[in-house]
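Shall we get to know a protein by asking it some simple questions? Have a look at the sequence and the structure first, and then we can reason together.

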Amino acid sequence: MKNRSRLALVAIATTGLALALTSCGGGGSDVKAGASSKSSALTTATTEAPQASGNFGSVVTLPSGIAFTLNNQAVFTPTKFSSGQIDGQRFNSFEITVKNGTSTPLDLGTLILTSTTVAAAGCVDIFDGQVGLQGAPADPVAVGGTTTFKWALSCPGKVGDPLTIAMTTDGTTNVEVKGKLV
């Protein structure tokens with residue numbers, strides 16, 4: 001009896017943790033009724049016209065001097081520790097390189113990445129610390145400095161479908177990078 005109650009407690013804790021992890025870092029842009037206008041502003045900022053755009057493999061530079069390059073796109077196989085992947089979707093990973101050409105350190109903690117495929121269907125971010133998919137780095141990028149980190153997505157669609165990634169670093173700037181699902 002004692003072992004059953006322990007097992008039940010572990011099952012409840014595991015389920016709660018799984019639910020908490022799957023709600024983190026979603027790529028959706030739906031604003032629930034009653035959400036604050038502050039959170040609404042964050043999700044609508046990425047739908048404005050881009051200030052800079054390009055394709056995977058090209059350097060895309062904002063007027064402020066911040067430059068983004070998305071490279072090394074590949075099919076990603078989620079591990080048992082991954083969260084965010086949706087069965088039946090394409091899993092793509094890539095590297096994001098950010099060069100800070102501004103006169104102040106760049107806080108990537110404000111980075112918002114929104115991705116869509118055909119018919120504006122949204123993608124979901126995949127996270128897995130075991131393979132380096134932890135989101136944007138916590139340390140600011142120094143003036144003149146560069147950082148590279150991995151990102152992965154779970155997207156509806158098939159190989160060759162258009163993939164558009166919009167990024168913002170402060171809620172007002174917007175970079176758009178286009179490619180195709182692999």
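Here are some questions about this structure, each with a worked answer.

This is a predicted model, in which local features need pLDDT of at least 70, side-chain atom pairs count only at pLDDT 80 or more, and totals for chains, interfaces and linings use all residues. Residues are numbered from 1 along each chain as its sequence is written, and side-chain values use heavy atoms, with hydrogens and water left out.

Q: In what order do the elements of the protein run from the N terminus on?
A: Helices (H or I, at least four residues) and strands (E, at least two) are DSSP runs, numbered from the N terminus. The protein has two helices and nine strands. Read from the N terminus on, the order is α-α-β-β-β-β-β-β-β-β-β.

Q: Which strand gives the most residues to the largest nonpolar core?
A: A nonpolar core is a set of buried Ala, Val, Leu, Ile, Met, Phe, Trp, Tyr and Cys residues joined through side-chain atoms within 4.5 Å; buried means under 20% relative accessible area, exposed over 50%, and partly exposed in between, using a 1.4 Å probe and protein chains only. The largest one here has 26 residues, and those with the most contacts inside it are Phe-68, Ile-96, Leu-153, Ile-165 and Met-167. Two or more residues come from each of β3 (66-75), β4 (90-100), β7 (146-155), β8 (162-168) and β9 (175-180). The top giver, with four residues, is β7.

Q: Is Thr-147 buried or exposed?
A: Let's place this residue: Thr-147 is found in strand β7. Leaving out residues up to four places away in sequence, Thr-147 touches Ile-96, Thr-97, Val-98, Leu-108, Pro-137 and Val-141, where contact means heavy atoms within 4.5 Å. Its relative accessibility is 18%, so Thr-147 counts as buried.

Q: How far apart in space are Thr-147 and Ile-96, C-alpha to C-alpha?
A: Along the sequence, 51 residues separate Thr-147 and Ile-96. Yet the two residues are in contact. From C-alpha to C-alpha, the distance is 8.2 Å.

Q: Which hand does the disulfide of Cys-123 and Cys-155 have?
A: A disulfide is a pair of cysteine sulfur atoms within 2.5 Å, and Cys-123 and Cys-155 have an S to S distance of 2.2 Å. The pair links distant parts of the chain, with Cys-123 in the loop between β5 (112-116) and β6 (124-126) and Cys-155 in strand β7. The torsion about the S-S bond is about 115°, so the disulfide is right-handed.

Q: What is the relative accessible area of Cys-155?
A: Start with its partner: Cys-123 is buried, with a relative accessible area of 1%. Cys-155 is buried too. For Cys-155 the value is 0%.

Q: Which strands are the edge strands of the open sheet of four strands?
A: Two strands pair if DSSP finds at least two bridges between them. The order in this sheet is β1-β9-β8-β5, with mixed pairing. Pairing on one side only, the edge strands are β1 (52-55) and β5.

Q: Which residue in β9 stands opposite Ser-53?
A: Strands β1 and β9 pair in the parallel sense over four bridges. Across from Ser-53, the residue in β9 is Glu-176.
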